[in-house]
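Please open the model in your viewer and keep a selection tool at hand, as this tour will move from one place to the next and say what can be found at each stop.

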Amino acid sequence: MKLTLLRHGWFHLIIVLLLVMGTACERAGARPATDVARSTLVQVQPIDGQDSTLRAATRALEEGRPWQASRILAPRLDSPATLTPAVLLRAAEAAAGWEGWTRVIALL
């Protein structure tokens, strides 16, 4: 009988500890990673310069069309002469917008 109560007591203790740990780890206002990524993508950072391709891709991102932004930048990624850090970052941002995480990793 005493052994059963001891086991039963440990079981409840473990359950209570798990609940306390789960509650302690939960933050008020925490959002899933995908929500954070999406909210970040809405705030497209400006890129200086007179590059019309980058401006068109930025405009597409601002309008919520990341796939189009990726298509606009694709030719620039194929040529080392036109591949600049700004193009690379904007292309990664566009790929993240359509959740192309493998593409983002490859670009960065």
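Before the first selection, one term is needed: two residues are said to be in contact when heavy atoms of the one lie within 4.5 Å of heavy atoms of the other. Please also keep in mind throughout that what you see is a predicted model.

**The whole chain**

Begin with the protein chain in a cartoon view, where you can trace 6 helices and 0 strands, so that the order of elements from the N terminus reads α-α-α-α-α-α; helices here are DSSP runs of at least four residues, which is why shorter turns carry no number. Of the 108 residues in this chain, 22% are buried. If you consider the contacts between residues at least 6 apart in sequence, 43% of them join residues that are at least 24 apart.

**Helices α4 and α5**

Now select α4 (66-78) and α5 (85-97) together. Two packed helices are described by the angle between their axes and the distance between the axes. In this pair, the axes of α4 and α5 come within 8 Å and cross at roughly 145°, and the crossing in which α4 passes α5 is left-handed.

Which residues of the two helices meet? From α4, show P66, A69, S70, L73, R76 and L77, and from α5, show V87, L88, R90, A91, A94, A95 and G97, for these are the residues through which the helices are in contact. Sorted by class, this contact consists of 9 nonpolar, 2 polar and 2 charged residues.

**The nonpolar core**

In soluble globular proteins, nonpolar side chains tend to be buried together. To look at such a group here, select A69, L73, L77, V87, A91, V104 and L107, which have the most contacts inside the largest nonpolar core, a set of 15 residues. At least two residues of this core come from each of α3 (52-62), α4, α5 and α6 (101-107), and α5 gives the most, with 6 residues.

Stay with L77 for a moment and display what surrounds it: leaving out residues up to four places away in sequence, L77 touches L83, V87, L88, A91, R103 and L107.

**Along helix α3**

Next, move to α3 and select A60, which has its place in this helix. Is A60 buried or exposed? Its relative accessible area is 1%, and because buried means under 20%, A60 counts as buried. Apart from neighbours within four places in sequence, A60 is in contact with R65, P66, Q68, A69 and I72. If you draw a distance from the C-alpha of A60 to the C-alpha of A94, you should read 9.0 Å, although these two residues are 34 apart in sequence.

T58 is also found in helix α3, and with a relative accessible area of 11% T58 is buried. Show its side chain together with that of R90, and you will find the two joined by a polar contact of 3.0 Å.

The third stop in this helix is R55, which is partly exposed at 40% relative accessibility. The C-alpha atoms of R55 and A69 are separated by 9.8 Å, while the residues themselves are 14 apart along the chain.

**Two loop residues**

Select D51, which lies in the loop between α2 (33-42) and α3 and counts as partly exposed, with a relative accessibility of 23%. What joins the side chains of D51 and R76? The answer is a polar contact of 2.8 Å. From D51 you can also draw a C-alpha to C-alpha line to V87, which spans 9.6 Å and links residues 36 apart in sequence.

Then go to E99, in the loop between α5 and α6, where the residue is partly exposed, with a relative accessible area of 36%. Most residues other than glycine have a negative phi. E99, however, has a positive phi of about 60° although it is not a glycine.

**Last stop: R103**

Finish in helix α6 by selecting R103, a partly exposed residue with a relative accessible area of 38%. Setting aside neighbours within four places in sequence, R103 is in contact with L77, A95 and W98, and L77 is the core residue that you visited earlier. The C-alpha atoms of R103 and A92 are 7.3 Å apart, with their positions 11 residues apart along the chain.

How values were computed: Residues are numbered from 1 along each chain as its sequence is written. This is a predicted model: local features need pLDDT of at least 70, side-chain atom pairs count only at pLDDT 80 or more; totals for chains, interfaces and linings use all residues. Side-chain values use heavy atoms; hydrogens and water are left out. A nonpolar core is a set of buried Ala, Val, Leu, Ile, Met, Phe, Trp, Tyr and Cys residues joined through side-chain atoms within 4.5 Å. Buried means under 20% relative accessible area, exposed over 50%, partly exposed in between (1.4 Å probe, protein chains only). Axes are lines fitted to C-alpha atoms, for helices over the stretch in contact, and angles run from 0 to 180 degrees between N-to-C directions. A crossing is left-handed if the near helix is turned anticlockwise from the far one by less than a right angle, and right-handed if clockwise. Ala, Val, Leu, Ile, Met, Phe, Trp, Tyr, Cys and Pro count as nonpolar, Asp, Glu, Lys and Arg as charged, and the others, Gly among them, as polar. A polar contact is a pair of N or O atoms within 3.5 Å; within protein, one must be able to donate a hydrogen and the other to accept it, and residues adjacent in sequence count only if both atoms are side-chain atoms.
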